[in-house]
Structures are given as C-alpha cells and as structure tokens.
Amino acid sequence: TALNYGIKGVLNRGDHVICSSLEHNAVMRPLYEMKNKGVEVDVANVIFDDNEATVRSFSNLIKPNTKLIICTHASNVTGHIMPIKEIGEICRRKGIKFLVDAAQTAGVVPIDMKSMNIDYLCVAAHKGLYAPESIGLLIALSPIENTIIEGGTGTNSFEYSQPSFMPE
C-alpha cells in the first residue's frame with residue numbers, strides 16, 4: 001500500500017520514472033499500471049560489483065520530464081545493498097523526487113532520509129520492524145499530489161473535499 005501511495009500519488013501522465021533492475025513486484029506492478037496511464041518507465045541496470053556504474057546507469061536515463069526515481073534499499077533476492085546516498089545526491093542536484101523501498105532494511109540498516117535525500121520511504125513493517133503482516137508505512141518528506149483514498153480525517157469535517165495539508 002505504501003508503495004502504491006508513493007508511486008500513484010506522485011506520478012502523472014507525461015511524467016518519466018526510473019527504477020532499478022532489482023525492484024520487487026510491489027514496485028513493478030504499480031509502475032506497469034502507471035505506464036498504461038501515460039507514464040514513461042525506464043529501468044536502470046544494477047552492477048553488483050560496481051556502485052559507480054550503477055549510479056551512472058540511473059544518471060544516464062534522466063530526461064527533462066523525469067519526476068521520480070525509485071530504488072530498493074536492498075534486494076529481497078540477492079541481499080545487495082544499493083548506493084542510496086549517491087542516487088539521492090543525483091536526485092537532489094536534478095530536482096527529482098526519490099522514493100526508496102526499505103522493506104528489507106528498515107530496522108536493520110541505518111537510514112537517514114535527509115542525508116540520503118529520500119523524499120518517500122516505504123516500509124513493509126512485518127520484516128525488520130517485526131510488526132504484524134499487512135502493515136505498510138510511508139514516510140513522506142515531500143507532498144503527495146494525487147490522493148488515492150479520500151476521507152477519514154478529523155479536520156474540516158463540514159467540507160466534502162479532502163484537506164490538502166499534511167498529513168491528510
């Protein structure tokens with residue numbers, strides 16, 4: 001759910017997104033749906049023994065309409081930890097939002113969203129945080145433009161439109 005909020009809440013028709021070649025289907029399935037809705041998707045190659053080549057792979061795919069880069073923090077298949085800080089630096093320099101899937105690392109590997117320039121951190125809390133299954137967590141340091149679900153807030157109760165301020 002957190003990944004769906006981050007992906008579908010940020011991307012619009014005409015946008016470009018880059019993800020890594022290690023992404024889980026929790027990322028790839030929503031991206032495939034967004035591709036069907038006019039979002040351009042590119043996949044950066046991960047070079048296991050060369051983080052600099054991996055970072056270049058992301059950088060080389062950036063276009064003027066690149067709005068978001070999505071990257072797993074660590075692969076659930078290989079355990080490979082991605083160069084998140086370096087990819088985040090590219091995002092900062094280019095004004096691109098950065099979404100990190102920390103399903104495998106939250107609670108296990110230190111994550112500093114500000115120093116890593118992470119705008120959206122998504123977590124499957126049942127793994128390293130030992131929460132019950134089906135609990136997702138999205139920490140957003142940047143606004144999410146598109147709502148996925150409306151309602152359920154305790155603010156502006158007499159208005160039918162969803163409040164536009166965080167965290168509503």
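Visitor: What covers the buried residues of α3?
Guide: This is a predicted model, in which local features need pLDDT of at least 70 and side-chain atom pairs count only at pLDDT 80 or more, whereas totals for chains, interfaces and linings use all residues. Helices (H or I, at least four residues) and strands (E, at least two) are DSSP runs numbered from the N terminus. In α3, A53, T54, V55, S57 and F58 are buried, a term that denotes under 20% relative accessible area, with exposed over 50% and partly exposed in between (1.4 Å probe, protein chains only). By contact (heavy atoms within 4.5 Å), their cover includes β1 (16–20), β2 (40–44), β3 and α4.

Visitor: Is F58 buried or exposed?
Guide: Residues are numbered from 1 along each chain as its sequence is written, and side-chain values use heavy atoms, with hydrogens and water left out. F58 lies in helix α3. Beyond its neighbours within four places in sequence, F58 has contacts that include I18, A44, I69 and M82. Because its relative accessible area is 0%, F58 is classed as buried.

Visitor: How far apart in space are F58 and I87, C-alpha to C-alpha?
Guide: In sequence, 29 residues separate F58 and I87. Nevertheless, I87 is among the contacts of F58. From C-alpha to C-alpha, the distance in space is 7.5 Å.

Visitor: Which element supplies the largest share of the largest nonpolar core?
Guide: A nonpolar core is a set of buried Ala, Val, Leu, Ile, Met, Phe, Trp, Tyr and Cys residues joined through side-chain atoms within 4.5 Å. The largest one has 24 residues, and F58, I84 and F98 are among those with the most contacts inside it. At least two of its residues come from each of α3 (51–60), β3 (66–72), α4 (84–94), β4 (97–101) and β5 (120–124). The largest share, four residues, is that of α4.

Visitor: How many residues does the second, separate core have?
Guide: This core stands apart from the largest one, and its members include L3, I7, L11 and C122. Its number of residues is 17.

Visitor: Which backbone nitrogen does a side-chain oxygen of D50 reach at the start of α3?
Guide: The side-chain oxygen of D50 comes to within 3.2 Å of its partner. That partner is the backbone nitrogen of E52.

Visitor: What is the relative accessible area of T105?
Guide: T105 lies in the loop between β4 and β5. Leaving aside neighbours within four places in sequence, T105 is in contact with H73, A74 and I111. T105 is buried, as its relative accessible area is 2%.

How values were computed:
A polar contact is a pair of N or O atoms within 3.5 Å; within protein, one must be able to donate a hydrogen and the other to accept it, and residues adjacent in sequence count only if both atoms are side-chain atoms.
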